[in-house]
Amino acid sequence: MASILSFSPLSQPLVKPCMISHSPPFKTSHLDMKRPGNRMVPHVVTEPRVITVPVRPVETEREIVGADKLSAWTSIRQERWEGQLAVKGKIPLWLDGTYLRNGPGLWNIDQHHFRHLFDGYATLVRVSFNQGRVTAGHRQVESDAYKSAKKNRRVCYREFSETPQNQNFLSYISELASLLTSGSSLTDNSNTGVIQLGDGRVLCLTETVKGSIQIDPNTLETIGRFQYNDNLGGLIHSAHPIVTESEFLTLIPDLVRSGYVVARMEPGTNERKIIGRVDCRGGAAPGWVHSFPVTDNYVVVPEMPLRYCVQNLLRAEPTPLYKFEWNMASGSYMHVMCKTSGKIVASVEVPPFVTFHFINAYEEKDQDGRVTGIIADCCEHNADTSILDLLRLNNLRTFAGLDVLPDARVGRFRIPLDGNPIGELESALDPEEHGRGIDMCSINPAYLGKKYRYAYACGARRPCNFPNTLTKIDLVTKKAKNWHEDGAVPSEPFFVARPGATKEDDGVVISIVSAKNGDGYALVLDASSFKEIARAKFPYGLPYGLHGCWVPRF
């Protein structure tokens, strides 16, 4: 097994080598093997082959320098691990499948330490539930960016804030030329999200199109780059497509003609087909679009005044806004496109906003059933771009007890469909309910694009420098329930519905938590009461992760 232990300045290994048991090969299903396109893997979750790893206590780099033991902002200890987790509490017997979580997990190459949370090379984590037992594992996603860094001992692609460490001026000019002509020096480090397509294939994603990488959900093995078999091109896309059993919807920003292409991909294919196009109303470049919402009949395309900036992209040293610029004068807009025809049915100006993540959207109807408007909810940072620079690793690692996390709220857009050119943006509930911090959200997927009541997200208990609670938002009562553990950093709370459930919050919420003492565990909350029912402890703490998906066992 390859190791990345040499990426760490520590001279001795942190964990002894894995011992692989002689259990039978993974079971496979014939159902998906005839699909066209990329290599297919079964979408069923099978009982994983267990790799046991004896763990001995060691000093981490942070302990050596006298810092706290929190593992959230430290690089992963080894490239790969699998094993069974000890469970405290009781896992519901109906919880049968695998939670996958993706995120940055390696923030240094030898003595070169990355600047930003979003720079880290992707670490994929698997937590599998079966008959009350929990097995887990993690593995690095083997992107070209990661493999090149291992081989050459330096950054070779453009990450969020890191640029290639060129050996001389000519190599720097060559890298810039390749960036401008083909985008070949852009990273494929797919460290943002993980999704399961309707045909069962599982992809890790980031904001570069080339950073779509197929993985095996059972072994976490990297299968290879997911090739889009179409002529839509584009170097970047939304990191969060809308994925259901029947379709995959994405936005492709057009940096030349300042707009967005809305595209659909059917299950079993690799071909994106254009639904329509939105021309930006403000600025020479489109607004950043990390995510977007949909309703049953419409795609909502946000246009923020935080816009892509080619000049900042070309800089060797990042600005506080990195690859973007804040252009308040360009305006803020919400566009609504019909899924069927591709026509723009509304384009309204709204107050300025900053958001990474939309929560959900739905259609408002009159008493005759006619759609009169769209409600779109997001984790909104009060039009404050400082959250981007706060996510520098030095800031996250040096919490001094000051309350420095910028305020955030559940921002609710009201988009009229009657021709009114102005939309509204308001707080869906009092932000104090969730500590004036909100991000990393999920809902019951059965309510995607429909009127809904509950959302799950990371909130805040202040003072803090990063979201440090899990929160359940009730959009009817305008109240929140919160889970908090002193000094811990929980990742995105992911909702899994109980089979056969009829209530929206009948299920569990799963989050992977970095504890204050350096431990790490998978937390399971009852989604209704929002009380802890179980936790499954990892042999060591894991780095903070971003987004996940649920792969059920059939």
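Author: Let's start with contact: two residues touch when heavy atoms lie within 4.5 Å. Setting aside neighbours within four places in sequence, C458 is in contact with G437, I438, D439, M440, P467, T469, L470, T471, P490, S491, E492 and P493.

Reader: What kind of model is this, and how are its residues numbered?

Author: It's a predicted model, with residues numbered from 1 along each chain as its sequence is written. Local features need pLDDT of at least 70 and side-chain atom pairs count only at pLDDT 80 or more, while totals for chains, interfaces and linings use all residues, and side-chain values use heavy atoms, leaving out hydrogens and water.

Reader: Back to C458, then. Which strand does C458 lie in, and is C458 buried or exposed?

Author: Two terms first. Helices (H or I, at least four residues) and strands (E, at least two) are DSSP runs, numbered from the N terminus. Buried means under 20% relative accessible area, exposed means over 50%, and partly exposed is in between, using a 1.4 Å probe and protein chains only. Here, C458 lies in strand β29, residues 454–459. C458 counts as buried because its relative accessibility is 1%. The C-alpha atoms of C458 and S511 are separated by 9.9 Å, with the two residues 53 apart along the chain.

Reader: How many disulfides turn up in the whole structure?

Author: The test is a pair of cysteine sulfur atoms within 2.5 Å. A search of the whole structure gives 0 disulfides. As for other cysteines, C309 counts as buried at 8% relative accessibility, and C464 counts as buried at 3%.

Reader: Give me the wide view. How many helices and strands does the protein chain have?

Author: The protein chain has 6 helices and 37 strands. Of its 554 residues, 59% count as buried. Take contacts between residues at least 6 apart in sequence: 64% of them join residues at least 24 apart.

Reader: Let's zoom in on a helix. Which residues of α2 are buried, and why do they line one face?

Author: The trick is to look down the helix axis and take the directions from that axis to the C-beta atoms; the arc is that of those directions. In α2 (residues 144–152), the buried residues are A145, Y146, S148 and A149. They fall within an arc of 165° seen down the axis, so they line one face of the helix. What they pack against is β6 (104–106), β7 (108–109), β9 (121–130) and β10 (133–140). Just after α2, R153 takes a positive phi of about 60°.

Reader: Now strands. How many bridges join β24 to β25?

Author: Two strands pair if DSSP finds at least two bridges between them. For β24 and β25 (residues 371–380) there are 9 bridges, and the strands run antiparallel. Along them, F358 stands opposite C378 in β25, and E364 stands opposite G373. The hairpin has 5 residues between the strands, and there G369 takes a positive phi near 85°. Both strands are mostly covered: in β24 (residues 355–365), 9 of 11 residues are buried, and in β25, 8 of 10.

Reader: And which strand does β25 pair with over 8 bridges?

Author: That's β26 (residues 409–416), again in the antiparallel sense. In β26, P416 is the bridge partner of G373.

Reader: My favourite bit: how many aromatic pairs are there?

Author: Rings of Phe, Tyr and Trp (its six-membered ring) pair if their centres lie within 6.5 Å; planes under 30 degrees apart count as stacked, over 60 as edge-to-face, and the rest as tilted. The whole structure has 19 aromatic pairs. One of them is W73 with Y544, tilted, at 5.4 Å centre to centre and 45° between the planes. That pair links distant parts of the chain, 471 residues apart: W73 is in the loop between α1 (61–64) and β3 (80–84), and Y544 in the loop between β36 (532–537) and β37 (547–552). Both W73 and Y544 are buried. Another pair, F118 and F160, is edge-to-face, 5.2 Å centre to centre with 85° between the planes. F118 and F160 are buried too. Ring pairs link F118, F160, W288, Y308, Y322, F324 and F356 into a cluster.

Reader: Which residues lie over the faces of Y228 and F160?

Author: A charge sits over a ring if NZ of Lys or CZ of Arg is within 6 Å of the ring centre and within 35 degrees of the ring normal. R272 lies over the face of Y228, at 4.4 Å from the ring centre, and K323 lies over the face of F160, at 5.1 Å.
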